[in-house]
Amino acid sequence: VHASFLAAVILASAAISQPPTEYEVKAAFLLNFARFVEWPPEKGQGSFVVGVLGEDSFGPALDRTFEGNGVAGRPSEVRRLPRLEDASRTQILFIGKSEERRLPAILAALRGTPVLTVSDIPGFAERGGMIGLRLEERRVRFDINPEPAAESGLKLSSQLLKLARIVSTKEAR
Amino acid sequence: MRRWFGGQSIGAKLMWIAILASSTALASAGIVLAVHEARYFRQSLVRRLHIHAEMIGFNTTSALLFRDEPAAGSILGALKASGDVYGAAVYDENGRLFAAFTAPGAGFTPPPVLAESGPAERFEGDSLVLVDPIVFEGRRIGTILLRASLAQMHRQRWEFAWVLIVVSIVALGVALLMSRGYQRDISRPIQALAATARRVSEERDGAVRVPAAGRDEVGELVEAFNEMLAQIQRRDVQLEEAVHGLERRVQERTIDLERELEERRRAETEIARLIGENELRLSELTALNREIEAFSYSVSHDLRAPLRHISGFVELLRKQSAQALDEKGLRYLSVIGDGARRMGRLIDDLLAFSRTSRTEMVESRVELGPLVQDVIAEIGRDAGGREVGWTVGALPAVTGDRAMLRVMLMNLLANAFKYTGKSASAHIEVGVGPADDGRAVVFVRDDGVGFDMRFADKLFGVFQRLHKAEEFEGTGIGLATVQRIVHRHGGRVWAQSAPGQGATFFVSLRPADAST
């Protein structure tokens, strides 16, 4: 049984009796993305790995969210990645705000690799990332750029797509 | 109802049967359909709403997970197209209101918190309320609440009812029209039949016939009726002939009877004449009989006196002149004495016998048991030392003259005693036999010499003896006396025996009345 992120969030918030913080919500979103995205079968071996590249703003929230929550029948694992080379072995890669300048290089390196790239760097999706997180009226919302996802062989659920703002890559920027 | 129905014509009956049958069929079909439809409407509405709920739940799954309330709201907004759902609300897994939809003018405010999680449905007034869980990957992540109006369902029910009523009226009309048609086919031949039958019975006209009807039962009835009329006509002719023949025979028979009657009348006068003659002869005979009896009585009586003289003087002669007589003289004297004694006994018996027919009977209740014991005791006194085994059963009480019955028993028992004289160990039994024509039967059985049944009719005659006087002493009057006493008591006496086998004598007597 998957103890859900919501349960975790509610438990946590009940414990401190406060609404969840921005990054707690974002951690929950990462777990939900995992549920609405389908990876190509050759990537279906071993642990389901969530990697954080660059600055880690989650604190303990990310580990707590994935702790004990497998994805698609596989145990999950959260890793902080010191090097870009390790990124290709993850299923979800969260790119911290600190990597904004390296972004073109990172995305170029992962192009065609079945790694779901998520980041809260502004304009992430338009710049060739797959899912970009943003704040809208104090709520976390997301943009999806279907092109790189399709290129990498990832299938995004329509449930996911209908909640997202759909964008496309804008090379000119 | 039944009486009223019985008074109707066949045509009306057929019409009513048609109406009743079709309206009953329609009513039962309508009720079954209505019940079925009512249940079906409800069930289909509930099923449809559950499907709605499931679809909305599926569509709002991601919105719930990503906490996207506007997205959930817009999904719920699609319910505007649904005719009867006027309110919907999605709750998160803690039961807090997440998104809602209210049809314009519906006046529905979703509760901010929902405690139940379903699945459940209930009817509230004119609404169906339905609660279903929203499940994702085996877990409940929220709850959906739907409220639907039942107005459409009611409208459908009313439409259904109207269709049913209209169909019923049309069907009844058609049934009536049809029954009009076929009732004519059935009732017209029957009416013709009834009219003809009335004519036949009123005018006694056996020659009329009913016009033939179809090949159904009514047709058969008409045919059978015509055949019956033909038979009646034939019978009438036969009857007339028979009546004529009968009259002739009655006349003949009357003449015969008159002749017979005449003969019988003649025979009756002849019989009357003969009876008159017989009565005359009978009274003559009775008078003669009485004379003879009186004569024999007086003779016996008168004989006694000289006999006493003979006996007395024989005794005197023996006592006083015995020395003067030689041996031959003494033997003669004893022969004379014996003869006189026997004659005396004979006279006594004759007197007793004639007394049995002359004496007045005094009837009373007589217990036979003690009487028999009394007689046995008396016989024992005169037995001269002979031992006899007596067996006396439980004897009844009878109605009769005590003295005569005693004489009767004395004669019967003495008889038995006498004829067992040759046997060393004799046995005599007195008992009760099976009743004879309502009379008590008493028998006396001995194991003596018995007699040949060929001579049974001679047993009870006066001076009739089956044995020689030298063998058994006796006057031949005893059983005659018994028979006379039994006859005077209205009973009968009979015997059964075989030589050397003993004899049994039966007498039947009137049993004592319960009152006496």
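In this predicted model, helix 6 and helix 9 of chain B lie roughly parallel to each other, because their packing angle is about 10 degrees and angles under 35 degrees count as roughly parallel. The axes of helix 6 and helix 9 of chain B are 10 Å apart. On the side of helix 6 of chain B, the contact is made by Phe353(B), Thr356(B), Ser357(B) and Arg358(B). Helix 9 of chain B contributes Ala480(B), Thr481(B), Arg484(B), Ile485(B) and Arg488(B). By class, the contact between these two helices is evenly mixed, with three nonpolar, three polar and three charged residues.

Both helices reappear around the largest pocket, whose volume is about 1400 Å³. Of the 42 residues lining this pocket, Ala414(B), Lys418(B), Glu473(B), Gly474(B) and Thr475(B) are the closest to its centre. Two or more lining residues come from each of helix 6 (327–358), helix 7 (368–381), helix 8 (402–419), helix 9 (478–488) and strand 12 (503–509) of chain B. The greatest share belongs to helix 8 of chain B, which gives eight residues. The lining as a whole comprises 20 nonpolar, eleven polar and eleven charged residues.

Helices 7 and 8 of chain B also take part in another arrangement, as each packs on a sheet. This open sheet of chain B has five strands in the order 7-9-10-12-11, with mixed pairing. Strand 7 (388–392) and strand 11 (493–497) of chain B are at the edges with a single partner strand each, so one side of each has no neighbour in the sheet. On average, and with direction ignored, neighbouring strands of this sheet are turned by 20 degrees against each other. Within the sheet, strand 9 (residues 426–436) and strand 10 (residues 439–446) of chain B run antiparallel and are joined by seven bridges; here Asp436(B) stands opposite Arg439(B). Helix 7 of chain B touches strand 7, strand 9, strand 10 and strand 12 of chain B, and its direction makes about 170 degrees with that of strand 7. Helix 8 of chain B touches strand 7, strand 9, strand 10 and strand 12 of chain B, with an angle of about 170 degrees to the direction of strand 12.

Turning to chain A, an open sheet of seven strands has the order 3-2-4-5-6-7-9, again with mixed pairing. Its edge strands, strand 3 (76–81) and strand 9 (165–166) of chain A, each pair on one side only. Strand 5 (residues 116–119) and strand 6 (residues 131–136) of chain A pair in the parallel sense over two bridges, and Val118(A) stands opposite Ile131(A). Helix 2 (residues 22–36) of chain A packs on this sheet, at about 40 degrees to the direction of strand 7 (139–144) of chain A.

Notes. Residues numbered from 1 in each chain as written. Chains lettered and ligands numbered in written order. Predicted model: local features only at pLDDT ≥ 70, side-chain atom pairs only at ≥ 80, totals over all residues. Heavy atoms only, no water. 1 Å grid on protein atoms, 1.4 Å probe; cavity = no way out; pocket = protein on both sides within 12 Å on 5 of 7 lines; lining within 4 Å. Points joined across faces, edges and corners; volume = space filled by probe spheres on them. Helix = DSSP H or I, 4+ residues; strand = E, 2+ residues; numbered from the N terminus. Nonpolar A, V, L, I, M, F, W, Y, C, P; charged D, E, K, R; others polar. Pairing = 2+ DSSP bridges. Contact = heavy atoms within 4.5 Å. Axes fitted to C-alpha atoms, helices over the stretch in contact; angles between N-to-C directions. Parallel < 35°, antiparallel > 145°, perpendicular 65-115°, else oblique.
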